Amino acid sequence: MPLPPFLKDKTMAEFNDDINLCMESCLDYFGDPVVFMPQSGGKYNIRGILDENVSVVDTSGEIPVETPMPVLSVKLKDFNDLGIPRPVQGDEFVVKGRLYEATRNPEDGWSESRIPLFCGGDYAG
């Protein structure tokens, strides 16, 4: 299958720039303020898109299990620009006044990462 004309002669870095622009527009429209609290310490203000009911399928066992859970989409460039570590399992986030914890290491991506979360019902504040 041939590449669409807008992708011809683009490098991966240029494509990544395009994805960053797209993610920036999505964050401007759908994003919420997020306080990121890595286990290493500190509190950092970023933006993210919280989807509170995503179906995640775990295929690590003998029988696949589908579980609804919140997922936070973030732009990885924001972490690089702030000079802070990218999220890992156990890091915490405050979104819409609720405290969430990353349930596993997010997939490594070029521009965006989707972080599966657990909310124990705690409200921050």
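**Exercise 1. Aromatic rings**

How many aromatic pairs does the structure hold? Take F36 and F79 as the example and classify their geometry.

*Solution.* Keep in mind that this is a predicted model.
- Step 1: The total is 4 aromatic pairs.
- Step 2: In the pair of F36 and F79, the ring centres are 5.2 Å apart and the planes stand at 90 degrees. Planes over 60 degrees apart count as edge-to-face, so this pair is edge-to-face.
- Step 3: Now place the two residues on the chain. F36 belongs to strand β1 and F79 to helix α2 (residues 76–82), with their positions 43 residues apart, so the pair links distant parts of the chain.
- Step 4: Check the accessibility. F36 has a relative accessible area of 0% and is therefore buried; F79, also at 0%, is buried too.
- Step 5: Widen the view: F36, Y44, F79 and F93 make up one aromatic cluster.

**Exercise 2. The nonpolar core**

Find which residues have the most contacts inside the largest nonpolar core, and follow L72 outwards.

*Solution.*
- Step 1: This core has 14 residues, and L72, F93, V95 and L117 have the most contacts inside it.
- Step 2: Two or more core residues come from each of β1 (32–37), β2 (44–58), β3 (65–75), β4 (92–95), β5 (98–102) and β6 (112–123).
- Step 3: Set aside the neighbours of L72 within four places in sequence. The contacts of L72 then include F93, V95 and L117, along with V34, I49 and S113.
- Step 4: Look at S113, which sits in strand β6. Its relative accessibility is 3%, so S113 counts as buried. The C-alpha atoms of S113 and V74 are 5.5 Å apart, although the two residues are 39 apart in sequence.

**Exercise 3. A network of charges**

Trace the salt bridges that run through E24 and K75.

*Solution.*
- Step 1: The structure has 7 salt bridges.
- Step 2: One of them joins E24 to R47, with the closest N and O atoms 2.5 Å apart. E24 lies in helix α1 (residues 12–30) and R47 in strand β2, 23 residues apart.
- Step 3: E24 also meets K75 in a salt bridge at 2.3 Å, N to O. Here K75 is in strand β3, 51 residues from E24.
- Step 4: K75 pairs with D78 as well, at 3.6 Å from N to O.
- Step 5: Compare the accessibilities. E24 at 23% and R47 at 27% are partly exposed, whereas K75 and D78 are buried.
- Step 6: Put together, E24, D28, R47, K75 and D78 are linked in a salt-bridge network.

Technical notes:
Residues are numbered from 1 along each chain as its sequence is written. This is a predicted model: local features need pLDDT of at least 70, side-chain atom pairs count only at pLDDT 80 or more; totals for chains, interfaces and linings use all residues. Side-chain values use heavy atoms; hydrogens and water are left out. A nonpolar core is a set of buried Ala, Val, Leu, Ile, Met, Phe, Trp, Tyr and Cys residues joined through side-chain atoms within 4.5 Å. Buried means under 20% relative accessible area, exposed over 50%, partly exposed in between (1.4 Å probe, protein chains only). Helices (H or I, at least four residues) and strands (E, at least two) are DSSP runs, numbered from the N terminus. Contact means heavy atoms within 4.5 Å. Rings of Phe, Tyr and Trp (its six-membered ring) pair if their centres lie within 6.5 Å; planes under 30 degrees apart count as stacked, over 60 as edge-to-face and the rest as tilted. A salt bridge is a side-chain nitrogen of Lys or Arg within 4 Å of a carboxyl oxygen of Asp or Glu.
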